[in-house]
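I opened this structure to see how its parts pack together. These are my notes, in the order I looked things up.

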Amino acid sequence: MIELHFAGYQPARSVHTRALHALRDSVAGHAGDALRIKVTDNIVATGRKAGDLLTMVDTGELDGCYFASSYLASRVPALGAFDQPFQAGTREHVFGGLDSTTGASLAEQVAAATNYRVLGWWDNGIRHISNAVRPIRTPADCVGLRLRTLDNAQHQAAFRRLGFVPMFIDVADLPRAVADHTVDAQENPLTNMVNFNVHVHHKHVSLTGHLLGIATLLMNRSRYDALPAELRGMLDAAVRDSEAAQRALAEAEDAVCLARLSDSGVAIVSADAIDFPAFHAVITV
């Protein structure tokens with residue numbers, strides 16, 4: 001039997017953790033005792049940073065993980081197509097491309113530039129903005145707010161144009177940074193706002209939908225290539241199963257978390273109350 005160790009950085013109820021479990025179960029169904037996936041739900045709970053996952057997979061300490069494609073864009077510039085705030089495509093359009101030649105081409109570019117093999121493309125959620133200061137409806141409402149962002153230069157440049165003061169903070173430190181007001185605002189899918197208890201401190205959420213995040217399901221390239229061809233095929237089939245399960249979970253989670261935020265006393269600024277033409281005008285200058 002061959003055992004592969006995959007890990008994530010989110011709690012048990014999260015979409016991504018449930019999808020890792022779906023991958024594990026699907027591998028068992030396809031491969032029986034020949035191939036097994038061991039899952040560590042959340043390395044942050046062991047004292048590691050979320051960003052450590054990429055290094056751990058690169059070095060072979062772990063076999064695989066999920067991680068936002070934005071963190072690879074500096075090494076694979078084509079992934080920057082998903083990092084243009086307020087220009088996000090629909091889920092149907094984006095994943096239609098990723099499931100075809102576009103996704104295959106991007107996976108080849110990742111393999112050429114890194115020690116990762118992209119096994120699949122997961123839905124990292126539609127990103128919105130929360131804050132502890134005021135409702136955000138226009139770019140003027142963004143001015144001066146310290147905004148936690150991903151470690152992505154394209155994101156940070158766009159938010160800086162809107163008047164935010166962008167700050168990269170590892171997701172492991174996000175709850176603390178929100179609670180102690182190191183940041184005034186942050187941008188994430190609704191599910192992350194719930195999972196990391198952001199809504200306890202941020203009572204304003206604007207449904208900006210400014211990005212559709214893509215999560216790469218990554219594996220150490222050497223480890224993947226060393227698998228017998230038959231087992232690679234079984235793993236690939238299980239990944240397709242996990243993609244379908246994960247994307248369905250991500251879409252359903254939006255409605256669940258929106259209701260939970262509202263029930264928690266968070267003031268929701270709906271999309272029709274946001275001046276999107278003004279945001280587009282600033283971003284595209």
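**Entry 1: helix α10.** Before I start, one term: I call a residue buried when its relative accessible area is under 20%. I also keep in mind that the model is predicted. I began with helix α10, residues 276-283. Which of its residues are buried? I noted Phe276, Phe279 and Ile283. They cover an arc of only 60° around the axis, so they sit on the same side of α10. Then I asked what the buried residues of α10 pack against. I found α5 and β8.

**Entry 2: strand β8.** That led me to β8. I counted 16 buried residues among its 17, so I wrote it down as mostly covered. Next I listed its partners. β4 runs antiparallel to β8, and twelve bridges join the two. In that pairing, tryptophan 122 has alanine 215 of β8 as its bridge partner. β3 is also antiparallel to β8, with five bridges. There I found phenylalanine 67 bridged to threonine 216 in β8. Strand β9, residues 267-269, pairs with β8 in the parallel sense over three bridges. Histidine 204 stands opposite alanine 267 in β9.

**Entry 3: serine 206.** I picked one residue of β8, serine 206. Is serine 206 buried or exposed? Its relative accessible area is 1%, so I marked serine 206 as buried. I then looked up what serine 206 touches, leaving out residues up to four places away in sequence. The list reads His128, Ile129, Ile136, Val269 and Ile274.

**Entry 4: the cores.** I turned to the nonpolar cores. How many residues does the largest one have? It has 69. Those with the most contacts inside it are Phe6, Leu79, Trp121, Leu217 and Leu235. The largest share of this core comes from β8, with eight residues. I followed up leucine 235. Not counting residues up to four places away in sequence, leucine 235 touches Leu4, Val27, Leu35, Ile37, Leu119, Met219, Tyr224 and Leu227. A second core, separate from that one, has 16 residues. I noted Phe86, Leu145, Ala158 and Ala185 among them.

**Entry 5: helix α2.** Helix α2 spans residues 52-59. I found Leu53, Leu54, Met56 and Val57 buried there. Why do I say they line one face of the helix? Seen down the axis of α2, the buried residues fall within an arc of 165°, so they line one face. I checked what covers these buried residues of α2. The cover includes β1 (2-7), β3 (64-68), β4 (116-131) and β8 (204-220). After α2 comes glycine 60, and its phi is positive, near 95°.

**Entry 6: strand β5 and its partners.** I moved to strand β5, residues 146-149, which pairs with strand β6, residues 165-168. They are parallel, over four bridges. Arginine 146 stands opposite valine 165 in β6. The chain goes from β5 through helix α5 (residues 153-161) to β6, and I logged this β-α-β crossover as right-handed. β5 also runs parallel to strand β7 (residues 185-189), with two bridges between them. Leucine 147 has alanine 185 in β7 as its bridge partner.

**Entry 7: serine 70.** Where is serine 70 found? I located it in the loop between β3 and α3 (91-98). Its relative accessibility is 8%, so serine 70 counts as buried. Its contacts, leaving aside neighbours within four places in sequence, are Asp83, Leu150, Asp151, Asn152 and His155.

**Entry 8: aromatic rings.** Last, I searched the whole structure for aromatic pairs and found eight. One of these joins phenylalanine 159 and phenylalanine 164. The pair is edge-to-face, at 6.0 Å centre to centre and 80° between the planes. Both phenylalanine 159 and phenylalanine 164 are buried. I also noted a cluster: ring pairs link Tyr9, Tyr66, Phe67, Tyr71, Trp122 and Phe168.

Key:
Residues numbered from 1 in each chain as written. Predicted model: local features only at pLDDT ≥ 70, side-chain atom pairs only at ≥ 80, totals over all residues. Heavy atoms only, no water. Phe/Tyr/Trp six-rings, centres within 6.5 Å; stacked < 30°, edge-to-face > 60°. Buried < 20%, exposed > 50% of the residue type's maximum accessible area, 1.4 Å probe, protein only. Arc of directions from axis to C-beta. Contact = heavy atoms within 4.5 Å. Pairing = 2+ DSSP bridges. Right-handed = clockwise from strand over helix to strand, strands pointing away. Core = buried A, V, L, I, M, F, W, Y, C linked by side-chain atoms within 4.5 Å.
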